[in-house]
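This report describes the surroundings of the ligand and the enclosed spaces within the protein.

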Amino acid sequence: MIQLVPEKCIGCKLCVKACLFGGIAVDGKVPRLTDSCTGCGACVDVCRVEAIIASGEKTGPVCDFAAYKGIWVFAEQHAGKLHSVTLELLGKARELADARSAEVTAVLLGSGIAALDGELFRHGADRVLLTDAPFLANYRTAPYERIVARLICEHKPEVILIGATTTGRDLAPRLANRLRTGLTADCTGLEIGPEGGLLQTRPAFGGNIMATIATPNHRPQMATVRPGVMQARLFENKKGETVRIAVSEEPGDGLVQILKTLAREKSSVSLEKAEVIVSGGRGMGEPKNFKLLENLAGLLSGEVGASRAAVDLGWMPHDHQVGQTGKTVKPRIYIACGISGAVQHLAGMQSSDIIIAINRDPAAPIFQAATFGMVGDALKIIPELISQLNANT
Ligand SMILES: Cc1cc2nc3c(=O)[nH]c(=O)nc-3n(C[C@H](O)[C@H](O)[C@H](O)COP(=O)(O)OP(=O)(O)OC[C@H]3O[C@@H](n4cnc5c(N)ncnc54)[C@H](O)[C@@H]3O)c2cc1C
């Protein structure tokens, strides 16, 4: 906690400059904390006259950590089909649970979805908490939040993983707020730290740094992860326990009613599932050169991706964009053509099994991430690759 000693303040305002959050103001020589103060202590460090002091020890845990056990995954499903991110999260949850000698629990809500438990077990769950009721057929914020929060309060999981999907992005922050705990969104890495806490890594400051975030004082530890980031694992013949939870509709649940569901026009490109992606950036020079990428992708049974620069230039539609504000992909082979390798692009493709970079600048950052690199003009190299592939098929 930050404490001010106004009589010592000399009005230098170093603290105001040091605070990233606008958490302190100095009126004349009178310092005051604003609502934005996070208690980070940056102002304490810069104050030369001890007019700001950190009072007391760091805030300790606000709950009994020992009571929290197990790794949970919110099992997102639509119309009786599990979302791929659920299976990917179970793979990661299994790894985290093994490191904590704990169980993996999948929380499954919906209507007529009891048969999904087997798939959850085969992807790593030890237990499924199943709430199967007609009013849960479609995701609606109020009942889902109420029921999942109640289950969390009763069972006290240590970690909760949720897909960074439209549903997950609605549910996760509401749960975190209700439970008064932290939430790290769009994680790209999750691991158990030396003290047993969850270390949550994600791009920060526009993707320019990778930040590792911990939840030192609160439980549960909550994270969302985008589809395609983690790896699903299959445990053939694995079984588990299904616990049926009885629930009933409450008055607040009906505030939102679903009148009609319209299927979104399907994108013609399926980058998340592609085994091979041939991506182009600004270095492709002009839109017609993307035809070369289409030809190469066609020969490799792959899809065409693009950097944001190429999308912003209108050379490719947005649903082809790979990266922090595009899609996260993990193909077996990712071929980056005329792409510099900005962190925001890497954030979406660096988990690919093999990365082949084609760039005429040998110092382009993409080569740091590449498994194989070709330094040269993409407009000459790609036609050569196409003719070699044609010659060999
Ligand atoms: C908040 C935020 C989010 C972002 N999200 C994304 C995102 O999701 N995805 C994304 O891609 N970017 C994203 N960006 C933009 C990112 O920072 C870069 O600007 C972008 O990735 C650059 O695209 P590029 O590599 O195609 O273009 P450039 O950086 O201009 O690179 C072009 C490359 O092509 C090479 N080249 C030129 N001619 C040739 C040739 N004939 N043959 C071979 N190589 C050639 C050059 O040497 C250069 O390395 C984001 C930025 C911000 C701030």
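In the classification used here, Ala, Val, Leu, Ile, Met, Phe, Trp, Tyr, Cys and Pro count as nonpolar, Asp, Glu, Lys and Arg as charged, and the others, Gly among them, as polar. On that basis, the shell around the ligand in this predicted model comprises five nonpolar, 14 polar and five charged residues.

**Ligand site**

The ligand occupies the second largest pocket. It is surrounded by 24 residues, of which R282, S307, T325, S340 and N359 come nearest. Helix 8 (308-312) and helix 9 (343-349) each contribute at least two residues to the shell. Polar contacts to the ligand include those listed below.

| Residue | Protein atom | Ligand atom | Distance |
|---|---|---|---|
| R282 | side-chain N or O | oxygen | 2.6 Å |
| N359 | polar side-chain atom | oxygen | 2.8 Å |
| G283 | polar backbone atom | nitrogen | 3.4 Å |

Taken alone, the ligand exposes 990 Å², and the protein buries 78% of that area.

**Cavities**

Two cavities of 30 Å³ or more are present in the structure. The largest has a volume of about 90 Å³. Of the 13 residues lining the largest cavity, C9, C12, C15, C47 and I52 are the closest to its centre. This lining consists of eleven nonpolar residues, one polar residue and one charged residue.

The second largest cavity holds about 70 Å³ of space. Its lining includes the cysteines C19, C37, C40 and C43, together with residues such as I2, F21 and L33. By class, the lining of the second largest cavity has eight nonpolar and four polar residues, and no charged ones.

Conventions:
Residues are numbered from 1 along each chain as its sequence is written. This is a predicted model: local features need pLDDT of at least 70, side-chain atom pairs count only at pLDDT 80 or more; totals for chains, interfaces and linings use all residues. Side-chain values use heavy atoms; hydrogens and water are left out. A residue is near a molecule or strand if one of its heavy atoms lies within 4 Å of it. A polar contact is a pair of N or O atoms within 3.5 Å; within protein, one must be able to donate a hydrogen and the other to accept it, and residues adjacent in sequence count only if both atoms are side-chain atoms. Accessible areas come from the Shrake-Rupley method with a 1.4 Å probe; for residues, only the protein chains shown count as cover. On a 1 Å grid over the protein atoms alone, a cavity is a set of points where a 1.4 Å probe fits but cannot get out, and a pocket is an open set with protein on both sides within 12 Å along at least five of seven lines; lining residues have an atom within 4 Å of a point. A molecule sits in a cavity or pocket if more than half of its atoms lie within 2 Å of its grid points. Helices (H or I, at least four residues) and strands (E, at least two) are DSSP runs, numbered from the N terminus. Grid points are joined across faces, edges and corners, and a volume is the space filled by probe spheres set on the points.
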